[in-house]
Amino acid sequence: MTKLSDTQAIILSAAAQREDRIALPLPESLRGGAAAKVVGAMLAKGFLQEADADMRNGEPIWRETGDGHGVTLVATDAGLAAIGIEPEDATPAPAGATDAPTELFPPDTATEPKAAPKTRTPREGTKQATLIAMLRAPDGATIEEIMAATSWQSHTVRGAMAGALKKKLGLEVTSEKVENRGRVYKLPAA
(Lines give C-alpha, C1' and ligand atoms only; values in the text may rest on other atoms or scores of the structure.)
Protein backbone atom coordinates (compact mmCIF):
# COMPACT_ATOMS: atom_id res chain seq x y z
CA MET A 1 0.00 0.00 0.00
CA THR A 2 1.23 3.51 -0.83
CA LYS A 3 2.53 5.66 2.03
CA LEU A 4 -0.03 8.38 2.74
CA SER A 5 -0.13 11.16 5.28
CA ASP A 6 -2.95 11.01 7.82
CA THR A 7 -4.66 13.94 6.09
CA GLN A 8 -4.48 12.26 2.67
CA ALA A 9 -5.90 9.04 4.12
CA ILE A 10 -8.78 10.95 5.73
CA ILE A 11 -9.60 12.74 2.46
CA LEU A 12 -9.56 9.51 0.43
CA SER A 13 -11.53 7.58 3.07
CA ALA A 14 -14.24 10.24 3.12
CA ALA A 15 -14.41 10.25 -0.69
CA ALA A 16 -14.64 6.44 -0.76
CA GLN A 17 -17.74 6.59 1.44
CA ARG A 18 -19.55 8.83 -1.03
CA GLU A 19 -21.28 7.33 -4.05
CA ASP A 20 -19.90 10.01 -6.38
CA ARG A 21 -16.38 9.80 -4.81
CA ILE A 22 -16.23 13.59 -4.33
CA ALA A 23 -13.39 14.46 -1.94
CA LEU A 24 -14.98 17.68 -0.72
CA PRO A 25 -15.46 19.08 1.84
CA LEU A 26 -11.88 18.78 3.07
CA PRO A 27 -11.25 18.30 6.81
CA GLU A 28 -11.98 21.43 8.89
CA SER A 29 -8.36 21.69 10.01
CA LEU A 30 -7.11 21.95 6.40
CA ARG A 31 -7.34 25.50 5.06
CA GLY A 32 -5.64 27.90 2.66
CA GLY A 33 -2.12 27.11 1.55
CA ALA A 34 -2.00 23.82 3.45
CA ALA A 35 -5.10 22.61 1.59
CA ALA A 36 -3.62 23.66 -1.75
CA LYS A 37 -0.37 21.84 -0.95
CA VAL A 38 -2.06 18.58 0.12
CA VAL A 39 -4.48 18.59 -2.82
CA GLY A 40 -1.67 19.49 -5.25
CA ALA A 41 0.37 16.52 -4.07
CA MET A 42 -2.64 14.21 -4.36
CA LEU A 43 -3.40 15.47 -7.88
CA ALA A 44 0.25 14.94 -8.88
CA LYS A 45 0.21 11.36 -7.55
CA GLY A 46 -3.05 10.64 -9.36
CA PHE A 47 -5.05 10.01 -6.16
CA LEU A 48 -7.47 12.84 -7.00
CA GLN A 49 -8.59 14.37 -10.24
CA GLU A 50 -10.40 17.58 -11.04
CA ALA A 51 -13.86 17.28 -12.60
CA ASP A 52 -16.47 19.82 -13.66
CA ALA A 53 -18.76 20.53 -10.73
CA ASP A 54 -22.50 20.31 -11.26
CA MET A 55 -23.33 23.49 -9.36
CA ARG A 56 -27.06 23.11 -10.08
CA ASN A 57 -27.06 19.92 -8.02
CA GLY A 58 -25.07 21.58 -5.26
CA GLU A 59 -21.76 19.76 -5.78
CA PRO A 60 -19.01 21.37 -3.72
CA ILE A 61 -16.47 23.47 -5.60
CA TRP A 62 -12.71 23.21 -5.18
CA ARG A 63 -11.95 26.19 -7.43
CA GLU A 64 -13.65 28.37 -10.00
CA THR A 65 -12.44 28.29 -13.59
CA GLY A 66 -13.19 31.94 -14.24
CA ASP A 67 -15.86 31.34 -16.86
CA GLY A 68 -18.67 30.81 -14.37
CA HIS A 69 -17.95 27.12 -13.93
CA GLY A 70 -16.49 25.30 -10.98
CA VAL A 71 -14.19 22.34 -10.50
CA THR A 72 -14.57 19.68 -7.82
CA LEU A 73 -12.20 16.95 -6.65
CA VAL A 74 -12.93 13.27 -7.21
CA ALA A 75 -11.00 10.28 -5.84
CA THR A 76 -9.50 8.12 -8.59
CA ASP A 77 -9.16 4.34 -8.69
CA ALA A 78 -5.49 4.85 -7.74
CA GLY A 79 -6.59 6.94 -4.76
CA LEU A 80 -8.93 4.22 -3.56
CA ALA A 81 -6.25 1.58 -4.11
CA ALA A 82 -3.85 3.69 -2.01
CA ILE A 83 -6.16 3.21 1.00
CA GLY A 84 -6.75 -0.45 0.20
CA ILE A 85 -10.15 -0.22 -1.47
CA GLU A 86 -10.77 -1.96 -4.76
CA PRO A 87 -13.12 0.10 -6.95
CA GLU A 88 -16.50 -1.50 -7.63
CA ASP A 89 -16.08 -1.37 -11.40
CA ALA A 90 -12.58 -2.93 -11.30
CA THR A 91 -11.88 -6.30 -12.85
CA PRO A 92 -12.73 -9.22 -10.57
CA ALA A 93 -9.99 -10.77 -8.47
CA PRO A 94 -8.28 -13.86 -9.90
CA ALA A 95 -9.46 -17.28 -8.77
CA GLY A 96 -8.21 -18.25 -5.34
CA ALA A 97 -7.97 -14.65 -4.10
CA THR A 98 -9.48 -14.05 -0.71
CA ASP A 99 -12.34 -11.65 -0.14
CA ALA A 100 -10.89 -10.07 2.99
CA PRO A 101 -12.81 -7.05 4.27
CA THR A 102 -11.40 -3.72 3.17
CA GLU A 103 -10.10 -1.39 5.84
CA LEU A 104 -11.29 2.21 5.46
CA PHE A 105 -9.07 3.63 8.18
CA PRO A 106 -5.44 2.87 8.99
CA PRO A 107 -4.71 0.76 12.09
CA ASP A 108 -4.66 2.52 15.43
CA THR A 109 -1.26 4.19 15.61
CA ALA A 110 -1.58 4.93 19.32
CA THR A 111 -0.30 1.45 20.16
CA GLU A 112 2.51 1.48 17.59
CA PRO A 113 5.88 2.93 18.60
CA LYS A 114 6.49 6.36 17.16
CA ALA A 115 9.69 7.24 15.35
CA ALA A 116 12.00 9.62 17.14
CA PRO A 117 11.54 13.21 15.97
CA LYS A 118 14.14 14.48 13.53
CA THR A 119 16.71 16.75 15.06
CA ARG A 120 16.87 19.96 13.11
CA THR A 121 20.06 21.85 12.51
CA PRO A 122 20.18 25.37 11.11
CA ARG A 123 21.91 25.98 7.79
CA GLU A 124 25.07 28.06 7.80
CA GLY A 125 24.98 31.63 6.53
CA THR A 126 21.29 32.20 7.27
CA LYS A 127 19.73 34.85 9.46
CA GLN A 128 18.74 32.10 11.87
CA ALA A 129 22.40 31.03 12.11
CA THR A 130 23.33 34.67 12.76
CA LEU A 131 20.70 34.84 15.51
CA ILE A 132 22.05 31.67 17.16
CA ALA A 133 25.65 32.91 16.97
CA MET A 134 24.66 36.23 18.56
CA LEU A 135 22.76 34.50 21.36
CA ARG A 136 25.68 32.11 22.03
CA ALA A 137 28.15 34.99 22.38
CA PRO A 138 29.33 35.44 26.00
CA ASP A 139 27.45 38.74 26.32
CA GLY A 140 24.30 37.53 24.51
CA ALA A 141 22.27 40.00 22.42
CA THR A 142 19.39 42.43 22.79
CA ILE A 143 16.38 42.57 20.49
CA GLU A 144 17.73 45.82 19.00
CA GLU A 145 21.15 44.28 18.26
CA ILE A 146 19.53 41.30 16.57
CA MET A 147 17.26 43.60 14.55
CA ALA A 148 20.32 45.53 13.30
CA ALA A 149 22.18 42.35 12.32
CA THR A 150 19.27 40.59 10.58
CA SER A 151 17.11 43.47 9.28
CA TRP A 152 14.15 41.86 11.06
CA GLN A 153 11.39 43.65 12.94
CA SER A 154 11.19 43.13 16.71
CA HIS A 155 8.18 40.80 16.45
CA THR A 156 10.07 38.63 13.95
CA VAL A 157 13.03 38.35 16.32
CA ARG A 158 10.76 37.31 19.19
CA GLY A 159 8.89 34.87 16.96
CA ALA A 160 12.14 33.30 15.74
CA MET A 161 13.34 32.82 19.30
CA ALA A 162 10.03 31.31 20.46
CA GLY A 163 9.20 29.28 17.37
CA ALA A 164 12.35 28.28 15.51
CA LEU A 165 14.77 28.13 18.42
CA LYS A 166 12.62 26.93 21.31
CA LYS A 167 9.94 24.82 19.63
CA LYS A 168 11.65 23.46 16.51
CA LEU A 169 15.29 23.27 17.58
CA GLY A 170 14.63 22.68 21.29
CA LEU A 171 17.10 25.37 22.39
CA GLU A 172 16.57 27.06 25.74
CA VAL A 173 16.73 30.84 25.34
CA THR A 174 17.28 32.68 28.62
CA SER A 175 16.96 36.39 29.31
CA GLU A 176 18.10 38.76 31.99
CA LYS A 177 17.95 42.49 32.51
CA VAL A 178 21.39 44.10 32.25
CA GLU A 179 22.05 47.64 33.45
CA ASN A 180 22.70 50.16 30.62
CA ARG A 181 21.79 47.51 28.02
CA GLY A 182 18.24 46.36 28.70
CA ARG A 183 16.99 42.79 28.34
CA VAL A 184 19.70 40.47 27.04
CA TYR A 185 18.90 37.06 25.53
CA LYS A 186 21.36 34.14 25.60
CA LEU A 187 21.74 30.53 24.57
CA PRO A 188 24.01 28.12 26.42
CA ALA A 189 27.32 27.56 24.59
CA ALA A 190 27.22 24.60 22.23
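**Cores and buried contacts in a predicted model**

Q: Which residues of helix 4 (residues 127-136) are buried?
A: In this predicted model, burial is taken as under 20% relative accessible area. Within helix 4, the residues that meet this cut-off are A129, L131, I132, M134 and L135.

Q: Against which elements do the buried residues of helix 4 pack?
A: Packing here rests on contact, taken as heavy atoms within 4.5 Å. The partners of the buried residues of helix 4 are two helices and one strand: helix 5 (143-150), helix 6 (154-168) and strand 5 (182-186).

Q: Which residues have the most contacts inside the largest nonpolar core?
A: This core has 23 residues. Helix 1 (6-16), helix 2 (32-45), strand 3 (70-75) and helix 3 (77-82) each supply at least two of its residues. Apart from it lies another core of 16 residues, including A141, V157, A160 and Y185. In the largest core, the residues with the most contacts are L4, I11, L12, L26, M42 and L48.

Q: With which residues is L26 in contact, leaving aside its neighbours within four places in sequence?
A: L26 is among the residues with the most contacts inside the largest nonpolar core. With neighbours within four places in sequence set aside, the contacts of L26 are I11, A35, V39 and W62.

Q: Is Q8 buried or exposed?
A: Q8 lies in helix 1. Beyond its neighbours within four places in sequence, Q8 is in contact with V38, A41, M42 and K45. A polar atom of the Q8 side chain lies 3.1 Å from the backbone nitrogen of S5. Because its relative accessible area is 6%, Q8 is buried.

Conventions: Residues are numbered from 1 along each chain as its sequence is written. This is a predicted model: local features need pLDDT of at least 70, side-chain atom pairs count only at pLDDT 80 or more; totals for chains, interfaces and linings use all residues. Side-chain values use heavy atoms; hydrogens and water are left out. A nonpolar core is a set of buried Ala, Val, Leu, Ile, Met, Phe, Trp, Tyr and Cys residues joined through side-chain atoms within 4.5 Å. Buried means under 20% relative accessible area, exposed over 50%, partly exposed in between (1.4 Å probe, protein chains only). Helices (H or I, at least four residues) and strands (E, at least two) are DSSP runs, numbered from the N terminus. A polar contact is a pair of N or O atoms within 3.5 Å; within protein, one must be able to donate a hydrogen and the other to accept it, and residues adjacent in sequence count only if both atoms are side-chain atoms.
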